[in-house]
Amino acid sequence: MHIYRTDEPMKLHTTFRIGGPADVYAEPESAEELMELISVCEGSGTPYMILGHGSNLLVGDGGIRGTVICLGKAFAEIRVDGDCIEAQAGALLGAVASTALEHGLEGMEFASGIPGSVGGALVMNAGAYGGEIKDILESAEILETDGSRCVVTAEELELGYRTSNILPLGRTVLSARFRLKPGDPEEIAAKMKDLNGRRKDKQPLEYPSAGSTFKRPEGYFAGKLIEDAGCKGLTVGGARVSEKHAGFVINIGDATAKDVLDLIHEVQRRVLEQSGVMLEPEIKMTGEP
Ligand SMILES: Cc1cc2nc3c(=O)[nH]c(=O)nc-3n(C[C@H](O)[C@H](O)[C@H](O)COP(=O)(O)OP(=O)(O)OC[C@H]3O[C@@H](n4cnc5c(N)ncnc54)[C@H](O)[C@@H]3O)c2cc1C
């Protein structure tokens with residue numbers, strides 16, 4: 001095992017920089033080690049969760065009972081095969097997008113600034129600026145809970161707006177195959193630069209966060225609803241609704257998960273009162289309060 005630790009603070013592994021200790025934290029070194037670890041957990045009834053880059057997670061202050069399995073550096077291989085790119089689950093989307101650019105392949109530009117792993121991106125059907133994983137995913141290699149390893153098509157993952165069937169079915173993503181198309185490297189680079197510039201201008205990237213806190217309600221923009229409800233800058237402990245982009249809850253220093261949750265509930269309450277819309281969190285919450 002590459003890394004195997006007990007009582008590992010999850011704040012070290014989430015972009016929110018929040019989260020109590022996981023009973024066990026492991027970074028397997030190979031698919032075989034990963035499968036063995038999952039089989040031990042399944043066999044002993046120990047709960048486990050797969051961690052990617054921790055960029056969409058709010059882990060409770062009480063931490064995580066069970067085992068957190070991080071697919072990190074040992075699962076970061078990226079391979080180009082004609083117009084396709086195959087990437088292991090732990091590879092960062094930014095690295096996959098850079099590889100696409102290097103090989104003059106178009107279609108990954110929307111993902112270049114999303115700070116997650118391939119596995120997390122499939123789980124969330126991550127998307128931005130009019131593109132989403134669903135548009136480019138051809139197939140994925142999956143580990144099922146019974147230990148079987150199989151390749152499934154994108155359709156079989158039932159990708160929807162920030163959802164898939166990966167978590168509900170207890171699946172683990174091992175790798176993904178993206179179908180891209182040949183493009184002009186200069187145009188691809190210019191598009192990435194433009195989108196990343198827009199991110200920098202609009203998003204509070206200087207603070208820890210987990211990205212957009214809420215899903216976009218149909219027919220509305222979460223940020224605008226939050227702003228209209230007077231929540232910009234609203235603060236609970238170390239958690240604040242960003243003044244730069246109201247769709248983001250940021251950690252302004254030593255926020256607890258409870259601060260974030262209390263703030264989320266207050267924003268939901270005020271937005272519901274103001275506009276009649278119930279905001280649904282996009283960030284995944286896990287662990288003990
Ligand atoms: C500043 C910022 C900007 C962001 N912008 C965007 C954006 O534009 N668009 C967007 O969609 N998202 C955005 N996000 C959110 C986040 O980056 C994405 O949701 C990303 O896809 C999550 O990937 P991850 O590897 O960090 O997943 P994690 O946070 O590690 O995990 C998310 C969920 O996926 C599960 N999971 C992770 N890997 C696997 C695997 N291999 N197999 C099975 N389950 C797995 C985890 O158990 C967890 O439930 C942003 C986040 C930040 C901090």
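What follows is a short Q&A on a predicted model.

Residues are numbered from 1 along each chain as its sequence is written. The model being predicted, local features need pLDDT of at least 70 and side-chain atom pairs count only at pLDDT 80 or more, while totals for chains, interfaces and linings use all residues.

User: Which element gives the most residues to the shell around the ligand?

Analyst: There are 34 residues around the ligand (C-beta atom, placed from the backbone, within 6 Å of it). Elements that give two or more are strands E3 (48-51), E9 (127-128), E13 (172-179) and E15 (209-212), plus helix H3 (118-124). Those labels are DSSP runs numbered from the N terminus, with at least four residues for helices (H or I) and at least two for strands (E). The top giver, with five residues, is H3.

User: How many residues of that shell are charged?

Analyst: Ala, Val, Leu, Ile, Met, Phe, Trp, Tyr, Cys and Pro count as nonpolar, Asp, Glu, Lys and Arg as charged, and the others, Gly among them, as polar. On that split the shell has 18 nonpolar residues and 15 polar ones, and the charged count is one.

User: Which strands stand at the edges of the five-strand open sheet?

Analyst: The order is E6-E7-E13-E11-E12, with antiparallel pairing (two strands pair if DSSP finds at least two bridges between them). An edge strand has a single partner, so one side of it is left without a neighbour in the sheet. That picks out E6 (78-81) and E12 (149-153).

User: Which residue in E13 stands opposite Ala87?

Analyst: Strand E7 covers residues 84-88 and runs antiparallel to E13, joined to it by five bridges. Across from Ala87 in E13 you'll find Ala176.

User: Is Met192 buried or exposed?

Analyst: Met192 is found in helix H5 (residues 185-202). Count the other C-beta atoms, placed from the backbone, within 10 Å of a residue's own: 20 or more is buried, 12 or fewer exposed, and in between partly exposed. Met192 has 21 such neighbours, so it counts as buried.

User: Which strand gives the most to the side of domain 1 that touches domain 3?

Analyst: Domain 1 is 3-73 and domain 3 is 204-286, with bounds from an automatic or database domain assignment. Their C-alpha centres lie 26 Å apart, and the contact (C-beta atoms, placed from the backbone, within 7 Å) takes 14 residues from domain 1 and 14 residues from domain 3. On the domain 1 side, the strand that gives the most, with three residues, is E4 (residues 57-59).

Technical notes. Contact = placed C-beta atoms within 7 Å.
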